[in-house]
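Biologist: I have a structure to go through with you. Shall we ask, point by point, what each label rests on?

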Amino acid sequence: TGVQTCALPISNVAFAAQLGFLNGLRYVVPDYGKAHGFSLQFTLLAFSSISLVGPALGGTVSMSGLIVRPDQWSQHRKTLAFLACTSATASSIALLLPYSSEGAFWPALFACFIFSGSVYPAAQGIINTALTAARVIDASAYQVQCCNILVAMPIPYMLGKSMDLWGQDTSFRLVMLLQFLAATGFTCALLTSHCTENENTTPQVKH
């Protein structure tokens, strides 16, 4: 359908940006934490705990079925709305992280990971099932290729180069930008789905 054709590529790119945010932080947080007064041991312990517990809590909400059912085609627009809202909330927190105080940084990062973690299972479900119920294998292949090309391969090199050229503060902000791009992508996917369905359901006037 038109929804599958238009919204699926946008959702894949947004999902890749979301994974880039979650994975990219591990390259910049150790140096960023040390530069802002935290010991390396505390930074590694705090970040490891947050990256383990935060996405688990957020993912539990997505997989519980209490808010959305990303595996059901009938709820695809509701799932996209959930993805847009949660990723936008995570983006708002992420953009404020560079300006947070030492006492607020880790709790804010934890909250950001909860919202970001809720995106993963919902996006996985809507990409692999809800948007492409008849083409699950193709959708999985496209998703893996998109994440590898946009995230897995370039992110380590680009962040390493950024750390060398511009330092940890700029590199940290670049990772925060990935969360903003994820939120923008899911919002665009929702709008595309809405517009496409309206076009498909609009009765044709015969002349």
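Biologist: Why does Met163 count as buried or exposed?

Modeller: This is a predicted model, so every value is computed from it. Met163 has 18% relative accessibility. Buried means under 20%. The value falls under that cut-off, so Met163 counts as buried. Met163 is found in helix α6. Its C-alpha atom is separated by 9.4 Å from that of Tyr27, although the two are 136 residues apart along the chain.

Biologist: What class does Ala88 get, and why?

Modeller: Ala88 has 30% relative accessibility. Partly exposed covers the range between under 20% and over 50%. The value of 30% lies in that range, so Ala88 counts as partly exposed. Ala88 lies in helix α3. In space, Ala88 and Ala182 are 8.2 Å apart, C-alpha to C-alpha. In sequence, they are 94 residues apart.

Biologist: And Ala189: why is it called buried?

Modeller: Its relative accessible area is 0%. The cut-off for buried is under 20%, so Ala189 qualifies. Ala189 lies in helix α7. The C-alpha atoms of Ala189 and Pro9 are separated by 8.6 Å, with their positions 180 residues apart along the chain.

Biologist: How many of the residues count as buried, as a percentage?

Modeller: The protein chain has 207 residues, and 44% of them count as buried.

Biologist: What elements make up the chain?

Modeller: There are seven helices and zero strands. From the N terminus on, the order is α-α-α-α-α-α-α.

Biologist: What makes Tyr32 and Phe105 an aromatic pair, and why is the pair called tilted?

Modeller: Start with the distance. Ring centres must lie within 6.5 Å, and these are 5.7 Å apart, so the rings pair. Now the angle. Under 30 degrees is stacked and over 60 is edge-to-face, so 35° between the planes makes the pair tilted. The count of such aromatic pairs comes to ten.

Biologist: Why does the pair of Tyr32 and Phe105 tie together parts apart in sequence?

Modeller: Tyr32 lies in helix α1 (residues 2-35) and Phe105 in helix α4 (residues 102-130), so the pair joins parts that are 73 residues apart in sequence. Tyr32 is buried, at 4% relative accessible area. Phe105 is buried too, at 5% relative accessibility.

Biologist: Which residues do ring pairs link into a cluster?

Modeller: Tyr32, Phe38, Phe42, Phe105, Trp106 and Phe172.

Biologist: How do you know where the charged end of Arg173 sits?

Modeller: The charged end of Arg173 is 5.4 Å from the centre of the ring of Tyr99. The distance limit is within 6 Å, so that part of the rule is met. The charged end of Arg173 sits over the ring.

Biologist: Which residues touch the most other members of the largest nonpolar core?

Modeller: Phe21, Leu25, Trp106, Leu109 and Phe172, out of 44 residues in this core. α1, α2 (40-64), α3 (76-96), α4, α5, α6 and α7 each give two or more residues to the core. The largest share, ten residues, comes from α1. In soluble globular proteins, nonpolar side chains tend to be buried together.

Biologist: What is the volume of the largest pocket?

Modeller: About 330 Å³. It is lined by 17 residues, and the closest to its centre are Ile155, Met158, Leu174, Leu178 and Leu181. α1, α5 (136-152), α6 (154-166) and α7 (168-201) each supply at least two residues of the lining. α7 gives the most, with six residues.

Biologist: How many residues of each class are in the lining of the largest pocket?

Modeller: The lining has 15 nonpolar residues, two polar and no charged ones.

Key
Residues are numbered from 1 along each chain as its sequence is written. This is a predicted model: local features need pLDDT of at least 70, side-chain atom pairs count only at pLDDT 80 or more; totals for chains, interfaces and linings use all residues. Side-chain values use heavy atoms; hydrogens and water are left out. Rings of Phe, Tyr and Trp (its six-membered ring) pair if their centres lie within 6.5 Å; planes under 30 degrees apart count as stacked, over 60 as edge-to-face and the rest as tilted. Helices (H or I, at least four residues) and strands (E, at least two) are DSSP runs, numbered from the N terminus. Buried means under 20% relative accessible area, exposed over 50%, partly exposed in between (1.4 Å probe, protein chains only). A charge sits over a ring if NZ of Lys or CZ of Arg is within 6 Å of the ring centre and within 35 degrees of the ring normal. On a 1 Å grid over the protein atoms alone, a cavity is a set of points where a 1.4 Å probe fits but cannot get out, and a pocket is an open set with protein on both sides within 12 Å along at least five of seven lines; lining residues have an atom within 4 Å of a point. Grid points are joined across faces, edges and corners, and a volume is the space filled by probe spheres set on the points. Ala, Val, Leu, Ile, Met, Phe, Trp, Tyr, Cys and Pro count as nonpolar, Asp, Glu, Lys and Arg as charged, and the others, Gly among them, as polar. A nonpolar core is a set of buried Ala, Val, Leu, Ile, Met, Phe, Trp, Tyr and Cys residues joined through side-chain atoms within 4.5 Å.
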